[in-house]
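Dear colleague,

Please find below the structure that I am handing over to you, followed by some notes on strand pairing and aromatic rings.

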Amino acid sequence: MLGGAGLLLAAAPAQAAEVAYKTECIPPSISGLPPVEGTTKVEITAPAEAKVGDEVEVVWKTTQAASNNPDVLDLDKDTVKPTGTVKVGGAQTADLAVEGTRSNPPIKKNSPMVLSDMKGKIKLTAPGEVTLTPDKYNINVSKPISTDTKCSPKEAVKPGATIKVTAGGATTGGLPTGLPTGLPTGLPTGLPTGLPTGSAGSTPTGAPSSGSDTGGSGGGKSDFTGKEVQIPYKCKTPIGDKDATSPVQINAKKDGGNYGLTVQFKKSVMDSPADIPADSVKPSMEVKLGGADKGTVHVEGPTNKEPIKSGEPINIPDLTGTYKPGADGKSTLSPGVLTVKALGTTTTCTPSKTEVSLEIDTAAQPGGAAGGSGSAGGSAGAADTSGGLAETGSSNDGILRALGLVAGTVILLGGAVFTFLPKRRARLR
C-alpha cells in the first residue's frame, strides 16, 4: 500500500506468538486500592519482512490484562482506552508508542478487562532483525471520572515479533512516524482533595464589634469581619460516617437593611489526588442564625470553572448569599450544615457543635428571618439538612468509592476535603 510519499508495507504479517509476563498494575490513588500483580498476555503482529525506509504498522493485541475490573463499579460501554509502549530492539532501538480506541463492551465488577487493539507505526532505518517486545501499558477509564491504571513488567519480557529488514529499495520521503512517544496522563478526572483557601485580602481573624448602624443606608459601620472558627462535622457518606474539622470564617457587608454574607474556608489540607473536570463541584452551606434572630441563611459558591490537575490544591470559592434580618438586636452567625454536590451525588455534613463567627446589630426587615427554619434571603432553596445522602441513583456507592480515599485519612466532599485525624497537620495556602 502506498501512503503519501512513503511505502506503508502490506506484506503478510509475521506469525503472532502470544507473550506472557508478570505485571504489576497500580490503580489510581483516588481509589484507595493496593497494587495488583498478575499476568499480561499479548500478541504482537507486524510484517515478517521489510526494507530500510519502509514504514510498518505494529499491532498490540491484549489477550489477557493483568488485572480485572475491581469491585468498585461497572464500566459502561466505550469508556476504556489503552495505551502502551513496544520496545524496539535488534538492528534499531526505540520506544514505540501504541494506542487503542475507546471501544469496549460493558464490563461488570470483578470481570476481566477488555482492551481494544493498540497500534503504532515505525520507520525502519537499518538492515538486520528488528525485535518488537511488549512493555508497560496504561488503562484509562473515562467515567464517572477519568482514571488511569498503570501496568509495568515485573520480569524480562520475550519479543513478540521479529521483522527481517533488508538494505536497499527504500523509498524517499516516508510517512510521518505518527503517534507521540509519551503516554497520556491524568484522570480528570476527580474529585478533589484539597480544602480551599478563601478569597485574598479578607482574612482578619478578630471578632468585630457589633457596630452602630442598625438600619437604613446612612452612617455607621457597613463591613463586618468575622473570626475564624474551627467547626467539627459529622458527615454521612456511602463509605461510612466520618468526623471532620474545618476552619471557617463568615464576613458581612451591609446593603440597606440587609447583609451580603461571604463564607470562607481558610486552609487547604491536601492536594488533589486526581484530575477533576470543570463544572463538577458545587458547594453550599446553611449559615445558622442566633441571638436576636432565628433561622438559617443559604449561601453557595459557583462550580469550578477550570479543570483541576492532579497534585494541585483545590480552591473552593467563597460561598455567598443575602441575609435579611427578622429581628431587632444583636444577631449571631455561625457555620451550619455543609452540602457538596459532585458528579451527580450529594454529601451532607452537620456540625457536631458550632461556634459564632460574627455578631452584628440588626433591624427587622419585612419578610425577614426571625422564627424561620429554612433559608433566609438566599438566592437558592434550602439544602437538605437531614444529614443523609440525596437519592441520585444506584451507582452512587460505586462513584463515591471510586472518589473517596477509603484508607481512613481523608474524605472527599465534592470540593471540600477535611482531615479526620486532629493531629494531621494542615498545609496553609
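In this predicted model, strand 6 and strand 9 (residues 118-123) run antiparallel and are joined by 6 bridges, and one of the residue pairings between them sets Val58 opposite Gly120 in strand 9, its bridge partner. Strand 6, which covers residues 55-64, also pairs with strand 4 (residues 36-45), again in the antiparallel sense, and here the pairing extends over 5 bridges. Within that second pairing, Ile44 has Trp60 of strand 6 as its bridge partner.

Trp60 is worth following further, as it also appears among the aromatic contacts. The structure holds 3 aromatic pairs, and in one of them the ring centres of Trp60 and Tyr137 lie 5.8 Å apart while their planes stand at 65 degrees, which is over the 60 degrees required, so the pair counts as edge-to-face. This pair links distant parts of the chain, since Trp60 belongs to strand 6 and Tyr137 to strand 10 (residues 128-141), with their positions 77 residues apart.

Are the two partners buried or exposed? Trp60 has a relative accessible area of 0% and is therefore buried, and Tyr137, at 2% relative accessibility, counts as buried because the cut-off is under 20%.

Elsewhere in the chain, one aromatic cluster is formed by Phe224, Tyr259 and Tyr323.

With best regards

How values were computed:
Residues numbered from 1 in each chain as written. Predicted model: local features only at pLDDT ≥ 70, side-chain atom pairs only at ≥ 80, totals over all residues. Heavy atoms only, no water. Pairing = 2+ DSSP bridges. Helix = DSSP H or I, 4+ residues; strand = E, 2+ residues; numbered from the N terminus. Phe/Tyr/Trp six-rings, centres within 6.5 Å; stacked < 30°, edge-to-face > 60°. Buried < 20%, exposed > 50% of the residue type's maximum accessible area, 1.4 Å probe, protein only.
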